[in-house]
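Subject: A structure for you to look at

Hi there,

Here is the structure I promised to pass on to you. Have a look at it first, and then read my notes below.

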Amino acid sequence: MGADFGDINGDGLLDIYVSNIATKFGLTESHFLWQSTGDTTAMRDGVAPYVHAAEKLGLARSGWGWDCKLADFDNDGVLEAMQAVGFIKGKVNRWPELQALGTSNDQVVHNPRFWPNFKPGADLSGQDLDPFFVRGADGRYHDIGPLIGLGEPMVSRGIATADVDGDGRLDFALANQWGDSFFFHNQAPNPGAFLGLHLLVPVDAAQPNGTTVRDGHPGRETPGRPAIGAVARVTLPDGRKLVSSVDGGSGHSGRRAPEIHLGLGNVPKDARLSTELSWRDPDGKVRATTLHLLPGWHTITLGSKADELARIP
């Protein structure tokens, strides 16, 4: 149904989170968490360097999933996982009929006359709760949705994340079908440090083509367009590596602000973080540069001067 990307195992490589239908006593397809192994040799041999780790991590089941998101909402350096779940809210459980259709052979599924006729009042995963998974001391993810305001069944489809008020804490909105949508303002009392990167590329030749950095939350007065596809790799003082990219949102009906947000944990506010940026310039050339940035928000216009940037093969 949906997919998102984030570094779950802290190896500096993006993992893949996939949302499916995983309803108890229904079509339990299992959600997927494809965790990177970093085996580049296998990649050269045509084998994707990923292992299925959803069951081990506690992310295999929740409900009828649609959009999903990986994000660090408390800035501790560990990603949380969210899903939008639910299909039709009603009073009569119609899963037996749908289960029969989903497990039928092609001759039955081929003819819509044999499909169940769901009418008003039918319920298919209409009582699912949108899960909010956090990683525990045991290394597994646990759903704490009801503890943070997600205790009411909703028929959700999409999730949007952004630091709306520029306080360094990611907020989110839930888009629901046939119902009100909701905005959740993050009020985490003791968040860790964070690095926020608003990456832009010039939109015309009249703009400066050198890389420039301006501290502070993104502002409309800065010319340029979001550098979709740009990647940031940050090395922390303890040697750990964080990675993220500008994608604007993937998955099913979901969105993400076109900015990079990385939780840093207990990194000091005066720590200079080695931050490698790579992107495509307006001519399609892949370029890179390394900056040393303090925690907080930075608006960065990515230039294209060859003497300032290193080319990536």
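Let's begin with a small spot: Ser125 is buried, because its relative accessible area is 5%, and buried means under 20%. Please keep in mind that this is a predicted model. You will find Ser125 in the loop between β8 (122-123) and β9 (132-135). Its phi is near 55°, a positive value in a residue other than glycine.

Another serine is worth a look too. Ser30 has a phi near 85°, again positive in a residue that is not glycine. This serine sits in the loop between β2 (15-19) and β3 (32-36). Is Ser30 buried or exposed? With a relative accessibility of 14%, Ser30 counts as buried.

While you are in that region, look at strand β2, where Ile16 is found. Leaving out residues up to four places away in sequence, Ile16 touches Asp4, Phe5, Phe32, Leu33, Trp34 and Tyr50. Thr103, on the other hand, is 87 residues from Ile16 in sequence and 27 Å from it in space, C-alpha to C-alpha.

Now for the sheets. One open sheet has four strands in the order β5-β6-β9-β10, with antiparallel pairing. At its edges stand β5 (65-71) and β10 (141-143); each has a single partner strand, so one side of each is left without a neighbour in the sheet. On average, neighbouring strands here are turned by 25° against each other, ignoring direction. β5 and β6 (residues 80-85) run antiparallel and are joined by five bridges. To see this pairing up close, find Lys69, which stands opposite Met82 in β6.

A further open sheet is also made of four strands, in the order β13-β12-β11-β19, but here the pairing is mixed. Its edge strands are β13 (182-184) and β19 (255-256), and because each has a single partner strand, one side of each has no neighbour in the sheet. Two bridges link β11 and β19 in the parallel sense. Thr161 has Arg256 in β19 as its bridge partner.

Next, the inside of the protein. Which residues touch the most other members of the largest nonpolar core? In this core of 24 residues, they are Leu197, Leu199, Leu264, Leu277, Ile300 and Leu302. The elements that contribute two or more residues to it are β14 (193-201), β17 (231-235), β20 (260-265), β21 (273-280) and β22 (286-293). β14 gives the most, with five residues. To follow one core member, try Leu199: leaving out residues up to four places away in sequence, Leu199 touches Arg225, Pro226, Ala227, Ala230, Val246, Ile260, Leu277, Ile300 and Leu302. Apart from this core lies another one of 14 residues, including Ile8, Ala60, Cys68 and Leu79.

Finally, there is empty space to explore. The largest pocket has a volume of about 510 Å³. It is lined by 32 residues, and the closest to its centre are Leu79, Val243, Ser244, His261 and Leu262. Two or more lining residues come from each of β1 (2-6), β5, β11 (156-162), β18 (241-245) and β20. Which element gives the largest share of this lining? That is β18, with five residues.

Two names are worth a second look as you turn the model. Leu79 belongs to the core of 14 residues and is also listed among the pocket residues closest to the centre. β20 gives residues to the largest core and to the lining of the largest pocket.

Have fun exploring!

Best wishes

Note on methods: Residues numbered from 1 in each chain as written. Predicted model: local features only at pLDDT ≥ 70, side-chain atom pairs only at ≥ 80, totals over all residues. Heavy atoms only, no water. Pairing = 2+ DSSP bridges. Axes fitted to C-alpha atoms, helices over the stretch in contact; angles between N-to-C directions. Core = buried A, V, L, I, M, F, W, Y, C linked by side-chain atoms within 4.5 Å. Buried < 20%, exposed > 50% of the residue type's maximum accessible area, 1.4 Å probe, protein only. Contact = heavy atoms within 4.5 Å. 1 Å grid on protein atoms, 1.4 Å probe; cavity = no way out; pocket = protein on both sides within 12 Å on 5 of 7 lines; lining within 4 Å. Points joined across faces, edges and corners; volume = space filled by probe spheres on them.
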